[in-house]
2 protein chains.
Amino acid sequence: MEGSPHYRPLYRQVYDFLVKQISESVWRPSEPLPSEQALAEQLKVSQGTVRKAMDALVAERLIDRRQGKGTYVAEQTQERALFRFFRLAEPGGARKTPTSTEESVKRRAARSAEIQKLGLSKGDQVVEILRTRLVDERAVVFERNILPLRNFPDIDRKRPLPNALYAMFQQDYGVNIVSAEEELRADAATAEDARYLPVEIGAPLLQIERVAIALDGSRVEWRLSRCDTSQLIYAVTLS
Amino acid sequence: MEGSPHYRPLYRQVYDFLVKQISESVWRPSEPLPSEQALAEQLKVSQGTVRKAMDALVAERLIDRRQGKGTYVAEQTQERALFRFFRLAEPGGARKTPTSTEESVKRRAARSAEIQKLGLSKGDQVVEILRTRLVDERAVVFERNILPLRNFPDIDRKRPLPNALYAMFQQDYGVNIVSAEEELRADAATAEDARYLPVEIGAPLLQIERVAIALDGSRVEWRLSRCDTSQLIYAVTLS
DNA sequence: GAGTGGTCTAGACCACGCA
DNA sequence: GCGTGGTCTAGACCACTCT
């Protein structure tokens with residue numbers, strides 16, 4: 001009793017171990033984990049305990065279980081990464097695949113808003129990406145991404161950038177995005193918006209502000225999207 | 001093996017049984033279920049199987065487990081129902097509690113858009129509720145609700161309507177809302193919007209269209225909210 | 001101390017994928 | 001037919017709440 005103020009179930013410890021292996025790339029995306037039995041023996045716990053730990057990882061979409069085959073580290077394919085967080089769709093729900101046109105990629109010192117949103121320190125550098133995203137060959141989103149350079153050391157030298165950045169985050173930098181906090185509001189189109197999107201100044205746009213959260217809880221992307229929702233809608237399911 | 005094309009695990013059958021008890025109000029909101037052991041004996045399965053079935057119910061927020069005490073049918077208090085689905089908050093995430101002013105409640109025949117959205121039949125009746133919702137004494141949302149009369153027989157005679165309709169749905173009609181599909185877009189304020197909200201015609205508003213889904217999968221509410229997001233934002237966490 | 005949910009085990013058996 | 005994940009059991013013990 002005394003000496004252990006915080007009770008920590010066995011399966012939690014197994015969970016932490018598994019997360020560690022994945023985040024340190026001991027097991028890499030699309031590779032199989034050892035079987036549940038093998039892990040149970042290695043960690044000296046029962047198969048049920050390993051299973052319970054894995055249940056949480058499945059829920060967080062960090063691993064995939066395939067009955068009869070094995071358990072694999074989930075891979076963020078372009079397709080999967082896109083549809084997980086890109087919410088623009090046709091009214092009714094049919095998902096649309098966007099393409100993206102890169103406008104600019106710049107490295108610079110972080111500004112105070114960015115320092116605050118991303119939990120950086122003064123003097124830290126960031127990479128700013130401006131893109132226009134098209135659906136059905138129509139420009140519908142003008143997007144500004146801010147990435148801490150420390151998490152993505154040479155990202156400003158990679159061209160072209162893929163459509164789904166998060167797949168690249170995982171592949172090239174070992175950064176797994178597990179969730180994103182979004183704040184939406186309606187706003188009038190500015191002159192800058194009108195330069196990138198076929199809208200009139202003053203037209204209503206949907207602004208999406210996103211902070212993406214990595215596996216270790218750190219905030220690794222700040223994104224501001226200005227969306228023309230005259231043809232598309234932003235779809236969410238609350239539960 | 002033949003004769004059973006669809007494999008149906010035991011815990012699924014237990015799950016179905018529990019859902020049935022709750023949806024038929026055999027166990028009512030805030031009341032305790034029988035203990036896991038008691039249910040296991042009654043249903044002739046092991047405690048672990050009952051537990052696994054209940055895990056799903058916890059995830060769907062239909063029951064609450066309290067260690068040392070028991071398992072209870074989740075109760076949609078005003079507070080809980082509100083914060084579960086009402087997403088307007090201050091920038092940064094601090095939740096705001098809205099109040100509501102009732103503008104009108106009318107019973108009428110369903111229109112074709114409503115028939116389609118709610119899966120009704122021609123000639124079915126609906127109740128239409130118009131409300132203005134205030135945050136910090138400021139009108140920020142103008143809202144139109146469409147409810148099938150068949151699900152809520154005398155709802156047009158209840159006054160005043162509570163702030164959180166879903167708590168009343170559960171309490172008075174046994175209807176549990178488990179999820180909601182929302183479609184958001186930016187739109188310019190119309191003359192009607194300007195009558196209810198302190199905004200200029202043409203100002204950008206956030207429109208939220210929601211279909212609420214009940215425990216049995218049926219769509220029981222269609223809601224259109226027009227929101228002034230000059231002070232507040234719509235907050236979601238994607239995961 | 002009695003009763004409830006929560007964890008953990010060891011072992012059996014089922015469903016599935018593949019060679 | 002073997003190996004993997006998926007289900008199910010019976011029983012032990014732990015943590016928590018209330019009396």
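**A walk through two protein chains and two DNA strands**

Let us begin with empty space: a search of the whole structure finds 8 cavities of 30 Å³ or more. Rolling a probe the size of a water molecule over the atoms shows where empty space is left. On a 1 Å grid over the protein atoms alone, a cavity is a set of points where a 1.4 Å probe fits but cannot get out, while a pocket is an open set with protein on both sides within 12 Å along at least five of seven lines; a lining residue has an atom within 4 Å of a point. Grid points are joined across faces, edges and corners, and a volume is the space filled by probe spheres set on the points.

Please keep in mind that this is a predicted model, in which local features need pLDDT of at least 70 and side-chain atom pairs count only at pLDDT 80 or more, while totals for chains, interfaces and linings use all residues. Residues are numbered from 1 along each chain as its sequence is written, chains are lettered from A and ligands numbered from 1 in the order in which they are written, and side-chain values use heavy atoms, with hydrogens and water left out.

Now to the largest cavity, which holds about 220 Å³ of space. It is lined by 21 residues, and those closest to its centre are A:Phe85, A:Phe86, A:Arg133, A:Arg210 and A:Arg223. The elements giving two or more residues to this lining belong to chain A: helices H4 (78–85) and H6 (165–173), with strands E5 (125–135), E6 (138–148), E8 (204–214) and E9 (219–227). Helices (H or I, at least four residues) and strands (E, at least two) are DSSP runs, numbered from the N terminus. By class, the cavity lining has 12 nonpolar, 2 polar and 7 charged residues. Here Ala, Val, Leu, Ile, Met, Phe, Trp, Tyr, Cys and Pro count as nonpolar, Asp, Glu, Lys and Arg as charged, and the others, Gly among them, as polar.

The largest pocket comes next, with about 670 Å³ of space. Its lining has 19 residues, and A:Lys52, A:Asp55, B:Arg51, B:Lys52 and B:Asp55 lie nearest its centre. Two or more residues come from each of helix H3 (47–59) of chain A and helices H1 (10–23) and H3 (47–59) of chain B. H3 of chain B gives the most, with 7 residues. The pocket lining divides into 8 nonpolar, 2 polar and 9 charged residues.

How are the two protein chains related? Chain A can be laid on chain B by a turn of 180° and a shift of 0.0 Å along the axis, with an RMSD of 0.0 Å (a least-squares superposition on the C-alpha atoms of residues with pLDDT of at least 70 in both). That is the relation of a two-fold axis. The same surface serves both copies, as 100% of the contact residues of chain A recur in chain B, where contact means heavy atoms within 4.5 Å.

Let us turn to the DNA. A residue is near a strand if one of its heavy atoms lies within 4 Å of it. Around DNA strand C there are 23 residues, with A:Leu10, A:Tyr11, A:Thr49, A:Lys52 and B:Arg51 coming nearest. Which parts of this strand lie within 4 Å of the protein? Of those atoms, 80% belong to sugar or phosphate and the rest to bases.

Some polar contacts (pairs of N or O atoms within 3.5 Å) show this in detail. A phosphate oxygen of strand C is 2.8 Å from a polar backbone atom of A:Ser46, and a phosphate oxygen is 2.5 Å from an N or O atom in the side chain of A:Thr49. From chain B, a polar backbone atom of B:Gly68 is 2.9 Å from a base nitrogen of strand C. The surface near strand C has 6 nonpolar, 10 polar and 7 charged residues.

DNA strand D is surrounded by 23 residues, the closest being A:Arg51, A:Gly68, B:Leu10, B:Tyr11 and B:Thr49. Its phosphate oxygens include one 3.0 Å from a backbone N or O atom of A:Glu36 and one 3.1 Å from a polar side-chain atom of A:Arg65.

Finally, look at the backbone. The peptide bond from A:Arg159 to A:Pro160 is cis, with omega near -5°, and A:Pro160 sits in the loop between E6 and H6 of chain A. The bond from B:Arg159 to B:Pro160 is cis too, with omega near -10°.

Key. A polar contact is a pair of N or O atoms within 3.5 Å; within protein, one must be able to donate a hydrogen and the other to accept it, and residues adjacent in sequence count only if both atoms are side-chain atoms.
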